[in-house]
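Q: I have a new model open and want to learn how to read its features. Where do we begin?

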Amino acid sequence: MTTNPSDEPQFPGTPGAAGTPAGPPAGATPPPAYGTQPGGYQQPGYQQPGGPQQAPGYQQPGYQQQQQPGGYQQQPGGYQQPGGYAPYPGTGYPPPGQVPLSDAEQRQWAMFAHLGGIILGFIAPLVIWLMYKDRGRFVEEQSKEALNFQITLTIAAVAFAVITAITFGIGSILYVAFIVALVFMIMAGVAANKGEAYRYPVNIRFIK
């Protein structure tokens, strides 16, 4: 008996069976692989031939720039130094090229400015003020205060001498005021050594 091929049972999965697509004909170009487009284009994030490609927004480890805590911050007029004095308005403090004095050094030189006037008069605070006025605000203020006080005492000494000469020695009693001035200078030296700003009760402040 001759059997018709169309009468044979067809199983799913067999090429040519009902419900199963037939394979591509011989010589046809196979379809592109998944994730690629005709022409060789690949989706973002896939590696291209010749080197790795980064997906949009990708950042390599170690290249993230972060704000470091405790760093210096730019301030108008100069840098703000941690633990130091704020800059003068509109200028950098201390000026460029000047090394700021430490707190201990400022207290020491401020004390010398007050006590040096006992022996050297206005010369001691004048020298200290000219040398260190740009290297520390505390020593600058205290040496200037001591210099003004010594100038005031010099003017008072000249006036007392004139009064003593006119009064034939009676005005010499005014020199007792220098004993009080000596007490003020000692008190100022002790206060400056502690880091306390001292202002003389009687003082003509010629230098502002």
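A: With a definition. A pocket is an open set of grid points with protein on both sides within 12 Å along at least five of seven lines. Its volume is the space filled by probe spheres set on those points. This is a predicted model. Its largest pocket holds about 170 Å³ of space.

Q: Which residues line the largest pocket?
A: The lining consists of Phe 149, Thr 152, Leu 153, Ala 156, Phe 160, Ala 177, Phe 178, Val 180, Ala 181, Phe 184 and Val 202. Helix H3 (137-166) and helix H4 (177-193) are the elements that each give two or more residues to this lining.

Q: How many lining residues are nonpolar, polar or charged?
A: Ten are nonpolar and one is polar. No charged residue is in the lining.

Q: What is the order of elements along the chain?
A: From the N terminus it reads β-β-α-α-α-α. That is four helices and two strands. Of the 208 residues, 22% count as buried.

Q: How do I check the length of a helix such as H3?
A: Begin with the general idea. An α-helix has 3.6 residues a turn, so residues three or four places apart point the same way. For the span, allow 1.5 Å a residue: the 30 residues of H3 should cover 44 Å. The end C-alpha atoms of H3 are 44 Å apart, so the two values agree.

Q: What follows just after H3?
A: Phe 168 does, with a positive phi of about 55 degrees. Phe 168 is not glycine, yet its phi is positive. It lies in the loop between H3 and H4.

Q: Is Phe 168 buried or exposed?
A: Exposed means over 50% relative accessible area. Phe 168 has 78% relative accessibility, so it counts as exposed.

Q: How do I describe a pair of aromatic rings?
A: Use the distance of the centres and the angle of the planes. In this model the count comes to seven aromatic pairs. One of them is Tyr 198 with Tyr 200, edge-to-face, at 5.2 Å centre to centre and 85 degrees between the planes. Tyr 198 is buried, because its relative accessible area is 13%. Tyr 200 is buried too, at 2%.

Q: Which residues form an aromatic cluster with Trp 109?
A: Phe 112 and Tyr 132 join Trp 109 in one cluster.

Q: Where does the charged end of Lys 133 sit?
A: Over the ring of Trp 129, 4.6 Å from the ring centre.

Conventions
Residues are numbered from 1 along each chain as its sequence is written. This is a predicted model: local features need pLDDT of at least 70, side-chain atom pairs count only at pLDDT 80 or more; totals for chains, interfaces and linings use all residues. Side-chain values use heavy atoms; hydrogens and water are left out. On a 1 Å grid over the protein atoms alone, a cavity is a set of points where a 1.4 Å probe fits but cannot get out, and a pocket is an open set with protein on both sides within 12 Å along at least five of seven lines; lining residues have an atom within 4 Å of a point. Ala, Val, Leu, Ile, Met, Phe, Trp, Tyr, Cys and Pro count as nonpolar, Asp, Glu, Lys and Arg as charged, and the others, Gly among them, as polar. Buried means under 20% relative accessible area, exposed over 50%, partly exposed in between (1.4 Å probe, protein chains only). Rings of Phe, Tyr and Trp (its six-membered ring) pair if their centres lie within 6.5 Å; planes under 30 degrees apart count as stacked, over 60 as edge-to-face and the rest as tilted. A charge sits over a ring if NZ of Lys or CZ of Arg is within 6 Å of the ring centre and within 35 degrees of the ring normal. The expected span of a helix is 1.5 Å times one less than its number of residues.
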